Amino acid sequence: MDISPATVLLLLAAAAATFPGALTQPSQAMAPAPPGPTNVTKILEKAGQFTVFIRLLKATGVASQLYGQLNNSDNGITIFAPSDSAFSALKSGTLNSLTDEQQTELVQFHVIPTFISSSNFQTVSNPLRTQAGDSADGHFPLNVTTNGSSVNLTSGLTNTSVSGNVYSDAQLAIYQIDQVLRPQQVFDPRPPAPSPAPSVVKSKKKSHANSPDDDSPADASLAPPVVGPVRETLSFCFFIASLVWFYL
């Protein structure tokens, strides 16, 4: 039986209506895109109001250090990010007066090389160790105190509070602060401790009068005079010789 093309088209249309999707390819589920590497500056850019801190992070190279730490190790990081208004509150010209090394230390002072969740501030040990260096001898002290849900920070020169949670995951925590944390080592360095004075060893003088075994030469001032006895001996001999000559 001959089937006309029109009949074939009608049959295909009926099949499509009866079994929708029978003539289409099966769809494949899209896998979720893998998360990108953690980038602190992009997180701060998305949050806004951290323009100056972002510029310092990039200029000092700390941004690259944080990128490597977060994406190549399991070490957690906590960042106290000063807002733009915090930098505006500094005395005019403060940042420009700092050397490159001091600017790096200033940025690193806002970075803690451990992850601190908002619920762990009450149990941290003071002083916190920052990436700026050791907190011993008052160089980079940073202390945390809590009062209920309030978290306060002090550097010895700056007292401020955490005013917001910018970002948090299992490895990175970023908190907003409204004052720049000024480390003493940068803004008020302490003079180095004076070195101890050298000890003076007093030589003990030996008493020549009480040291019979002393082989050192006798002091001329202590030797008995010899001129008088010799002169008297010579005079006596001369006297005896005169008497002998007289009687002979």
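What follows is a walk through a predicted model, starting at its sheet and ending at a helix that packs against its neighbours.

Let's begin with the sheet. Six strands make up an open sheet, and reading across you meet them in the order β2-β1-β6-β5-β4-β3, with mixed pairing. The two edge positions belong to β2 (111-112) and β3 (143-147); each has a single partner strand, so one side of each is left without a neighbour in the sheet.

Now step inward to β1 and β6. Strand β1 (residues 77-82) runs parallel to strand β6 (residues 172-177), and six bridges join the two. If you want to find the register by eye, look for A81, whose bridge partner in β6 is Q176. Another handy marker is T78, which stands opposite A173 in β6. Helix α4 (residues 62-72) packs on the sheet here, touching β1, β2 and β6, and its direction makes about 150 degrees with that of β1.

How many of the residues of β6 are buried? Six of its six are, so to speak, under cover: the strand is mostly covered. Both of its faces are covered, too, with L172, I174 and Q176 buried on one side and A173, Y175 and I177 buried on the other.

On to the next neighbour, β5. Strand β5 (residues 159-168) pairs with β6 in the antiparallel sense over five bridges. The two strands form a hairpin with three residues between them, and within the pairing Y167 has I174 of β6 as its bridge partner.

T160 is worth a stop while you are in strand β5. Is T160 buried or exposed? Its relative accessibility is 8%, and because buried means under 20%, T160 counts as buried. Setting aside neighbours within four places in sequence, T160 is in contact with V151, N152, L153, I177, D178, Q179 and L181.

Two of those contacts, V151 and L153, take us to strand β4 (residues 150-154), where the side chains alternate: V151 and L153 point to one face and are buried, while S150, N152 and T154 point to the other and are not. β4 pairs with β5 in the antiparallel sense over three bridges, and N152 stands opposite S161 in β5. The hairpin of β4 and β5 has four residues between the strands, and there G156 takes a positive phi near 95 degrees.

From β4 you can carry on to the edge at β3. These two strands run antiparallel and are joined by five bridges, with N143 having T154 of β4 as its bridge partner. They form a hairpin with two residues between them, and G148 in the turn has a positive phi of about 70 degrees.

Now for the helices, with α3 as our guide. In α3, the residues V52, F53, I54, L56, L57 and T60 are buried. What covers these buried residues of α3? The cover includes α2 (40-47), α4, β1, α5 (84-88) and α6.

Take α6 to begin with. The axes of helix α3 (residues 51-60) and helix α6 (residues 100-108) come within 10 Å and cross at roughly 125 degrees. That makes α3 oblique to α6, and the crossing is left-handed. On the α3 side the contact is made by F53, L56, L57 and T60, and on the α6 side by Q103, T104 and V107. Sorted by class, the residues of this contact are four nonpolar, three polar and no charged. A bit of helix geometry helps when you look at such lists: an α-helix has 3.6 residues a turn, so residues three or four places apart point the same way.

Then there is α4, which we already met on the sheet. The axes of α3 and α4 come within 4 Å and cross at roughly 85 degrees. That makes α3 roughly perpendicular to α4. Here L57, K58 and T60 in α3 meet V62, A63 and L66 in α4. By class, this contact has four nonpolar, one polar and one charged residues. Just after α3 you will also find G61, which takes a positive phi of about 85 degrees.

To tie the two halves together, keep an eye on α4: this helix packs on the sheet, touching β1, β2 and β6, and is also among the elements that cover the buried residues of α3.

Notes. Residues are numbered from 1 along each chain as its sequence is written. This is a predicted model: local features need pLDDT of at least 70, side-chain atom pairs count only at pLDDT 80 or more; totals for chains, interfaces and linings use all residues. Side-chain values use heavy atoms; hydrogens and water are left out. Axes are lines fitted to C-alpha atoms, for helices over the stretch in contact, and angles run from 0 to 180 degrees between N-to-C directions. Angles under 35 degrees count as roughly parallel, over 145 as roughly antiparallel, 65 to 115 as roughly perpendicular and the rest as oblique. A crossing is left-handed if the near helix is turned anticlockwise from the far one by less than a right angle, and right-handed if clockwise. Contact means heavy atoms within 4.5 Å. Ala, Val, Leu, Ile, Met, Phe, Trp, Tyr, Cys and Pro count as nonpolar, Asp, Glu, Lys and Arg as charged, and the others, Gly among them, as polar. Two strands pair if DSSP finds at least two bridges between them. Buried means under 20% relative accessible area, exposed over 50%, partly exposed in between (1.4 Å probe, protein chains only).
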